[in-house]
Amino acid sequence: MKTIMVVDDQPNIRQLVEIALKKDGRRILAVESGERAIEVALSESPDLIIMDVMMPGGMDGFQTIEILRSNPVTCACPVLVLTAKSQESEKRRSEEVGAEGYMAKPFRLTALVEHVERLLN
């Protein structure tokens, strides 16, 4: 069973992504912050992380990815950035911190599912 962690401060986005991806026995872990994402990633070892960039609090998505990449337990987990920031500079920053994919909000659910399938296989 594949485990996907969805990190987004907006409950409706977490729920939408969970509904779209919860098939074929996938396990979805939905968390609301970068700090919580690190805790859950260390304890649950997800197969994929879908990460928002702009989140309230002390840590944004890019900082979270950098911390995950620096830890031997989580460094190999692929990350898909899913963000409202659609500027080219944000896409470059995603690549710089080591994200394997980037999608801008609003997004098509079919495109999200296809991107997730590619990253999981």
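A residue counts as buried here when its relative accessible area is under 20%. In this predicted model, that cut-off picks out Gly61, Phe62, Thr64, Ile65 and Leu68 as the buried residues of helix 3. Looking down the axis of helix 3, these buried residues fall within an arc of 160°, so they line one face of the helix. That fits the usual geometry: an α-helix has 3.6 residues a turn, so residues three or four places apart point the same way.

What sits over that face? The cover on the buried residues of helix 3 includes helix 2, strand 3, strand 4 and helix 4. Helix 3 itself, residues 61–70, lies across strand 3 (48–51) and strand 4 (79–83), and runs at about 160° to strand 3. At its N-terminal end, helix 3 is capped by Asp60, with a side-chain oxygen 3.0 Å from the backbone nitrogen of Phe62.

Now to the sheet. Five strands make up an open sheet with parallel pairing, in the order 2-1-3-4-5. Strand 2 (27–31) and strand 5 (101–104) are the edge strands, each pairing on one side only. On average, and ignoring direction, neighbouring strands of this sheet are turned by 15° against each other. Strand 1 (residues 3–7) runs parallel to strand 2 and is joined to it by five bridges; Val7, for instance, has Val31 in strand 2 as its bridge partner.

As for the packing, the largest nonpolar core has 22 residues, and Met5, Val7, Ile49, Met51 and Ile65 touch the most other members. Strand 1, strand 2, helix 2 (34–44), strand 3, helix 3 and strand 4 are the elements that give two or more residues to this core, and helix 2 supplies the largest share, four residues. Leaving out residues up to four places away in sequence, Met5 touches Leu29, Val31, Ala37, Val40, Ala41, Pro46, Leu48, Ile49 and Ile50. There is also a second, separate core of 19 residues, with Leu21, Leu82, Ala111 and Leu119 among them.

One charged residue deserves a look too. Glu90 is found in helix 4 (residues 88–97). Is Glu90 buried or exposed? With a relative accessible area of 14%, Glu90 is buried, because the cut-off is under 20%. Setting aside residues up to four places away in sequence, the contacts of Glu90 are with Val53, Phe62, Lys85 and Tyr102. Phe62 turns up here again: this residue is one of the buried residues of helix 3, and its backbone nitrogen takes part in the Asp60 cap.

Definitions and conventions
Residues numbered from 1 in each chain as written. Predicted model: local features only at pLDDT ≥ 70, side-chain atom pairs only at ≥ 80, totals over all residues. Heavy atoms only, no water. Pairing = 2+ DSSP bridges. Axes fitted to C-alpha atoms, helices over the stretch in contact; angles between N-to-C directions. Contact = heavy atoms within 4.5 Å. Core = buried A, V, L, I, M, F, W, Y, C linked by side-chain atoms within 4.5 Å. Buried < 20%, exposed > 50% of the residue type's maximum accessible area, 1.4 Å probe, protein only. Arc of directions from axis to C-beta. Polar contact = N/O pair within 3.5 Å; in protein donor to acceptor, adjacent residues only side chain to side chain.
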